[in-house]
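Got your viewer open and a selection tool ready? Let's take a walk, one stop at a time.

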Amino acid sequence: MTAATEYAIATHGLGRRFGRNWVLKGLDLEVPKGCVFGFLGLNGAGKSTTMRMLMGLLTPHEGTIDVLGHDPARDAVAVKRRVGYVAEKPWFYEWMTVREVMAFAAHYRAREWDDAFAEYLVNAFKLPRDQKIKTFSKGQAAKVSLLLAMAFKPELLILDEPTGGLDPVVRREFVEKLLAEYMEEERTVLISSHLINEIAGLVDRVGILHNGTLLKHDTIENLFRQTKLATLTFEDDAPSTCTIPGLLRCRAEGRTARLTIDNFDPSETPAALGALGARNVVIEDFNLENLFIELTTAADGGAS
Amino acid sequence: MTATGRNATTPSSAVRQCLDARTWLFRHTGIFGKDVLQYARIPAVIGALLLLIVLGSGVADAVLNTGSVTTSDAGDFFRFGLLAVAFVLGVAMAGEEEEDGTRIFLGRLPAGALQLLLPRLAAAALLWAVWFVVAGSAIALSVGIFPPKFIADAIAEPGVYLFGESGLLFTIALFLTGFAATSWITRNVVLAAAVGGIAQILYWLSFLLFIALFIKDEPLRWNSLIRVDVRAYSFHAHVSWSMLMAAALAWRYHTWTEGAPTFWESFFDKPSSLQGGSAGEGRSLRLDPSRVLIPHTIGWAIALAIGSFTLAREMNKIAQNDLEVFGPQLALMLTLASAFLGAAALHRGEREPGTFFLGGLPVPPRAFLNARLRRLAAAAVALSVVTLLACALGGAMSPKMSDVFVRQISLVLIGTVSVAFLGFWARYFQRSLLIAGLMASVLGFVWMMAAWLLFFSLNSGIAYTLPERVEHVVWPLAVMLGVPFALIHVTARGSLVPELNERPRNVVYLFVSTLALIWGPALITFSPLDALVLLFN
């Protein structure tokens with residue numbers, strides 16, 4: 001099976017509803033092995049639902065899923081054995097200590113659990129081993145969640161808002177050190193985060209989910225290459241509308257117009273911009289967060 | 001702090017060894033060891049409750065010479081305890097995982113359905129077996145009987161619980177019913193316990209029908225329902241039911257996912273509580289914070305109405321054969337129901353006013369509290385009225401039925417409200433709904449019995465004057481209602497207890513509830529008139 005060899009994750013036509021409300025519809029997602037895939041979307045876009053279906057924690061209502069050659073809907077145990085998962089909201093037995101919850105999880109991952117690496121992570125996260133989890137702060141609970149997901153060195157790591165409760169120092173250390181170390185062994189990571197700029201330097205590919213469908217899905221270089229911000233300065237008031245190939249959004253303020261352009265073609269788009277009659281044209285790259293905001297806003301009807 | 005990240009307070013070597021032992025247990029036994037450790041408190045609480053009742057009866061006998069603790073009474077308590085431990089363990093083991101969301105943690109582990117379910121059943125069996133030996137010995141020693149003889153006699157003796165091998169099978173059926181109802185029906189432990197109770201009553205009825213089908217001789221058919229002969233026929237019913245429940249459990253575990261709605265959620269077309277958060281509760285709260293009580297009220301009213309009516313009919317048959325008096329059992333059931341009703345009325349988050357969203361609203365906490373208490377009182381009264389009506393309805397079949405119970409309407413009404421308030425109060429101290437409910441039941445049951453004793457004296461043939469009757473009725477009811485009400489207000493308004501951590505809270509609760517346990521009955525039975533007589537006689 002091709003998907004099993006090339007892709008850590010492959011979904012086709014994936015859909016899921018809650019009650020009568022479809023939160024995900026026709027999702028085709030491919031995550032190559034060995035990459036860090038940034039899975040972005042607004043609140044309620046369907047990221048967590050997708051991740052839970054990838055883990056076999058939810059059953060899809062339509063479509064197929066392949067995770068490391070397994071169908072999570074049929075063999076969730078095999079998937080969970082090979083995949084580490086950090087949920088947006090961590091759940092534990094709060095009356096257990098860190099040491100105890102590690103022992104409990106290790107019982108069910110007897111073959112894969114790496115005691116030395118688990119100890120390394122406990123030290124790295126500065127977690128008090130003999131303290132009950134119920135006394136932990138939100139950030140410490142997030143660390144325990146990361147610890148349990150990474151301690152058996154899974155082939156695939158699915159991280160749903162993993163750094164939400166972490167302080168900036170630990171967050172940076174996690175992203176720059178722990179995840180980087182983890183990736184040295186050619187493992188795959190699917191990560192969703194609202195702190196987009198923090199993961200921007202880490203991800204190879206990005207998928208932007210919006211209203212249950214995939215808006216964009218490409219390498220980060222291609223995304224930056226294809227989507228640009230053009231700032232046009234006019235002699236008089238800027239026109240409120242303009243026509244140009246690939247235009248996503250146009251915002252006019254006084255004599256300045258800001259245009260978000262998709263499918264940017266270096267050989268044609270600058271000429272087309274020049275033809276709009278502006279006194280000055282500046283073309284810039286977006287950072288990942290602004291790119292995300294532009295694309296999702298345009299998808300909601302922000303284009304003019 | 002060192003690089004190892006150890007806590008600043010290093011545990012002593014004894015604590016260290018204990019922690020290591022627990023870690024070893026979890027590493028090598030997984031959920032089996034976890035369940036044994038976590039749920040050992042349930043048989044312990046039930047054992048303590050029964051032992052308290054047995055010892056209390058002994059003290060009452062010695063002081064008042066009003067009754068006696070016989071081997072048969074103690075045996076009944078013991079058998080009842082065995083059944084209660086099984087059922088409550090079933091409800092708790094499934095219910096706490098569902099309600100606390102820790103089922104989600106289990107769902108993320110690479111473990112199959114049976115890999116999780118079977119050790120849980122084994123842990124329950126172990127706890128039940130330990131209770132069998134330890135509680136049996138303790139109750140035997142408390143009534144001065146050699147434990148092995150007491151246990152052997154208690155098990156061999158036929159009674160309402162049909163003991164012997166049939167009793168064991170019935171216990172298994174009870175456990176599985178509790179477990180399955182909580183896994184399948186609802187994530188709310190209280191509601192699940194009620195639904196499980198109904199399921200068990202339905203089972204009991206189907207079991208009786210099963211017997212009736214197999215015994216053709218008309219007089220023998222009904223008489224044998226309560227006799228030893230029935231054991232032979234009960235085997236098939238118990239095993240069939242247990243297998244049905246086990247299959248239901250295995251299927252639920254196999255198909256469970258994070259979004260799987262319960263029967264309750266599917267029935268009302270609600271989004272799963274795990275998906276939609278507490279959307280339903282949120283809607284009610286927007287209207288009126290005190291309305292979170294309503295689902296509990298409705299659930300309990302329905303459960304009690306059906307349960308009491310069915311039980312009353314069945315007990316009627318037993319009463320006709322002069323084998324059992326129903327009053328204390330129904331009082332215990334009503335006490336448990338109202339204690340849990342009260343405990344469930346306080347949201348777990350409200351125990352921490354600094355973090356729960358209600359604390360941030362521009363409304364005085366007193367406004368919320370009084371509204372909650374009013375609704376709780378109304379719910380408790382509704383509960384007792386429904387139960388009384390059901391008893392009266394069942395009793396219409398025979399003049400003997402529920403006579404004692406129906407005669408004491410004022411006690412039932414006020415007692416139910418009182419125990420519900422005690423449950424509400426206990427929840428400030430206990431994070432677990434189950435423990436709060438059980439602990440409040442202990443306190444409430446002793447109070448109810450004290451008042452009951454006083455009320456009985458009114459029916460003993462002595463000619464009381466009107467003021468004496470008022471003193472014997474109004475004073476105990478005022479105490480039963482007033483003391484928990486005052487306790488709640490001191491606890492909630494003072495903001496002292498809610499700001500404590502769990503351990504100090506437990507200590508405070510144990511201290512205050514022990515005082516209430518000792519002095520509550522004394523206060524109920526000792527009126528100001530008695531005090532005046534004692535002082536100025």
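What follows is a short tour of a predicted model, with something to select at each stop.

**Stop 1: a six-stranded sheet in chain A**

Start by selecting strands 5, 6, 7, 3, 8 and 9 of chain A, which in that order make up an open sheet with mixed pairing. Which strands stand at the edges? They are strand 5 (83–86) and strand 9 (213–219) of chain A; each has a single partner strand, so one side of each is left without a neighbour in the sheet. Look along the sheet and you can follow its twist, which averages 15° from one strand to the next.

Now zoom in on strand 3 (residues 36–41) and strand 7 (residues 188–192) of chain A: they run parallel and are joined by three bridges. Pick G38(A) and you'll find I191(A) of strand 7 standing opposite.

Next, add helix 6 (residues 138–150) of chain A, which packs on this sheet. Helix 6 touches strand 5 and strand 6 (156–160) of chain A, and its direction makes about 170° with that of strand 5.

**Stop 2: a four-stranded sheet in chain A**

Stay in chain A and select strands 11, 12, 10 and 13: taken in that order, they form an open sheet with antiparallel pairing. Here the edges belong to strand 11 (247–253) and strand 13 (280–285), each with a single partner strand, so one side of each has no neighbour in the sheet. The twist averages 15° from one strand to the next.

How many bridges link strand 11 and strand 12 (residues 256–261) of chain A? Six, in the antiparallel sense. To see a facing pair, show C250(A) with L259(A) of strand 12 opposite.

**Stop 3: T49(A)**

Go to helix 2 (residues 47–54) of chain A and click on T49(A). Is T49(A) buried or exposed? With a relative accessibility of 9%, T49(A) counts as buried. Show R16(A), F18(A), V23(A) and L58(A) too, since T49(A) touches them.

**Stop 4: T335(B)**

Hop over to chain B, where T335(B) lies in helix 16 (residues 327–344). T335(B) is buried, at a relative accessible area of 1%. Its contacts include V419(B), S441(B), G444(B), F445(B) and M448(B).

**Stop 5: a nonpolar patch in chain B**

Finish on the surface by selecting L529(B), L532(B), V533(B), L535(B) and F536(B), which make a nonpolar patch of about 550 Å². One of them, L529(B), is found in helix 23 (residues 528–536) of chain B. L529(B) is partly exposed, with a relative accessible area of 44%.

Terms used:
Residues are numbered from 1 along each chain as its sequence is written. Chains are lettered from A and ligands numbered from 1 in the order in which they are written. This is a predicted model: local features need pLDDT of at least 70, side-chain atom pairs count only at pLDDT 80 or more; totals for chains, interfaces and linings use all residues. Side-chain values use heavy atoms; hydrogens and water are left out. Two strands pair if DSSP finds at least two bridges between them. Helices (H or I, at least four residues) and strands (E, at least two) are DSSP runs, numbered from the N terminus. Axes are lines fitted to C-alpha atoms, for helices over the stretch in contact, and angles run from 0 to 180 degrees between N-to-C directions. Contact means heavy atoms within 4.5 Å. Patches are made of residues with over 30% relative accessible area and no salt bridge: like charges are joined within 9 Å, nonpolar side chains (Val, Leu, Ile, Met, Phe, Trp, Tyr) within 5 Å. Accessible areas come from the Shrake-Rupley method with a 1.4 Å probe; for residues, only the protein chains shown count as cover. A salt bridge is a side-chain nitrogen of Lys or Arg within 4 Å of a carboxyl oxygen of Asp or Glu. Buried means under 20% relative accessible area, exposed over 50%, partly exposed in between (1.4 Å probe, protein chains only). Lists of a residue's contacts leave out its neighbours within four places in sequence.
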